[in-house]
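Subject: Structure handover

Hello,

I am passing on the structure we spoke about, and it follows directly below. After it you will find notes on what turned up.

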Amino acid sequence: MQGLRLEAFSSIVGDIYDCALNPDGWPATLTRVCTAMDAAYTSINLYDPQFVRPRLASHSPWDPVQLQVLNDDYGLTGVPGMPELANSALDDPHSTLNDMAEDVFQATTFYQNWVAPQGLRDGCVMKFVQTGQRLGVLACVTSA
């Protein structure tokens with residue numbers, strides 16, 4: 001990722017605030033974040049109190065079938081590192097490969113069945129809200 005110019009950063013932040021008023025803007029805004037982060041895809045999710053299935057999800061373009069598999073088969077608790085994220089501080093970014101050795105991650109069922117077949121490598125996730133009713137997570141996932 002090259003440095004993000006202040007004007008571009010400010011514009012993306014403005015788009016994020018606009019999404020609070022118009023949620024239909026999330027896909028385009030997340031596509032901008034994805035491009036700025038040089039990510040494969042970016043998503044924003046609000047999970048239910050049991051942190052199993054997102055109540056609201058939006059993402060940059062990605063295979064919708066695979067995203068459905070991610071939600072249905074893995075949810076928040078089936079992705080390595082995500083249960084720990086639920087107990088971490090707000091606005092504290094986590095990278096899968098910073099939190100565990102790459103060979104350990106590659107040995108997981110999640111990596112072998114979902115990550116590797118799509119040519120992905122790592123995810124940077126950040127919890128941006130947590131209440132008794134919801135957990136909000138922003139994720140940027142990189143290509144292998």
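On the surface, L4, L6 and F9 make up a nonpolar patch, and their accessible area together is about 310 Å². Please keep in mind throughout that this is a predicted model. Of the patch residues, F9 belongs to helix α1, which covers residues 6–21. F9 has a relative accessible area of 45%, and since buried means under 20% and exposed means over 50%, F9 counts as partly exposed.

Salt bridges

How many salt bridges are there? The count comes to three. As background, side chains of opposite charge can pair when their charged atoms come close.

One of the salt bridges is between E7 and R5, with 3.4 Å between the closest N and O atoms. Both partners, E7 and R5, are exposed.

Another joins D15 to R32, where the closest N and O atoms are 2.5 Å apart. D15 sits in helix α1 and R32 in helix α2 (residues 26–37), so this salt bridge ties together parts of the chain that are 17 residues apart in sequence. D15 is partly exposed, at 22% relative accessibility. R32 is also partly exposed, at 30%.

There is also a salt bridge between the side chains of E102 and R121, at 2.8 Å from N to O. Here E102 is in helix α6 (residues 102–106) and R121 is in strand β4, so the pair connects parts that are 19 residues apart in sequence. E102 has a relative accessibility of 28% and counts as partly exposed. R121, at 35%, counts as partly exposed too.

Aromatic pairs

Searching the whole structure gives six aromatic pairs. One of them is formed by Y74 and F110: the ring centres are 5.0 Å apart and the planes stand at 75°, so the pair is edge-to-face. The cut-off behind that label is an angle over 60 degrees between the planes. Y74 lies in helix α3 (residues 64–74) and F110 in helix α7 (residues 109–115), so that the pair links distant parts of the chain, 36 residues apart.

Are these two rings buried or exposed? Y74 counts as buried at 15% relative accessibility, and F110 is buried as well, with a relative accessible area of 8%.

F110 has a further partner in W114, and this aromatic pair is stacked, with 5.7 Å from centre to centre and 10° between the planes. Both F110 and W114 are in helix α7, where they are four residues apart, about one turn of the helix. W114 is buried, with a relative accessibility of 2%.

Which residues do the ring pairs link into a cluster? The members are Y41, W62, Y74, F105, F110, Y111 and W114. The residues described above, Y74, F110 and W114, are therefore part of one cluster.

Strands

Strand β1 spans residues 41–47 and is mostly covered, with six of its seven residues buried. Strand β1 is joined to two other strands. Seven bridges connect β1 with strand β5 (residues 135–143), and the two run antiparallel. Within this pairing, T42 stands opposite C140 of β5. Five bridges connect β1 with strand β2 (residues 54–59), again in an antiparallel arrangement. On that side, Y47 has P54 in β2 as its bridge partner.

Around C124

C124 is located in strand β4, which runs over residues 120–130. With a relative accessible area of 32%, C124 is partly exposed. What does C124 touch, leaving aside residues up to four places away in sequence? Its contacts are P93, H94, S95, L138, A139 and C140. Among them, C140 is the residue that stands opposite T42 in the pairing of β1 with β5. N98 is 26 residues from C124 along the chain, and the C-alpha atoms of these two are separated by 9.3 Å.

For a first look, I would suggest starting with the ring pairs around F110, then turning to the two strands paired with β1.

Regards

Terms used:
Residues numbered from 1 in each chain as written. Predicted model: local features only at pLDDT ≥ 70, side-chain atom pairs only at ≥ 80, totals over all residues. Heavy atoms only, no water. Buried < 20%, exposed > 50% of the residue type's maximum accessible area, 1.4 Å probe, protein only. Pairing = 2+ DSSP bridges. Patch = residues over 30% accessible without salt bridge, like charges linked within 9 Å, V, L, I, M, F, W, Y side chains within 5 Å. Areas by Shrake-Rupley, 256 points an atom, 1.4 Å probe, with all protein chains shown as cover. Salt bridge = Lys/Arg side-chain N within 4 Å of Asp/Glu carboxyl O. Phe/Tyr/Trp six-rings, centres within 6.5 Å; stacked < 30°, edge-to-face > 60°. Contact = heavy atoms within 4.5 Å.
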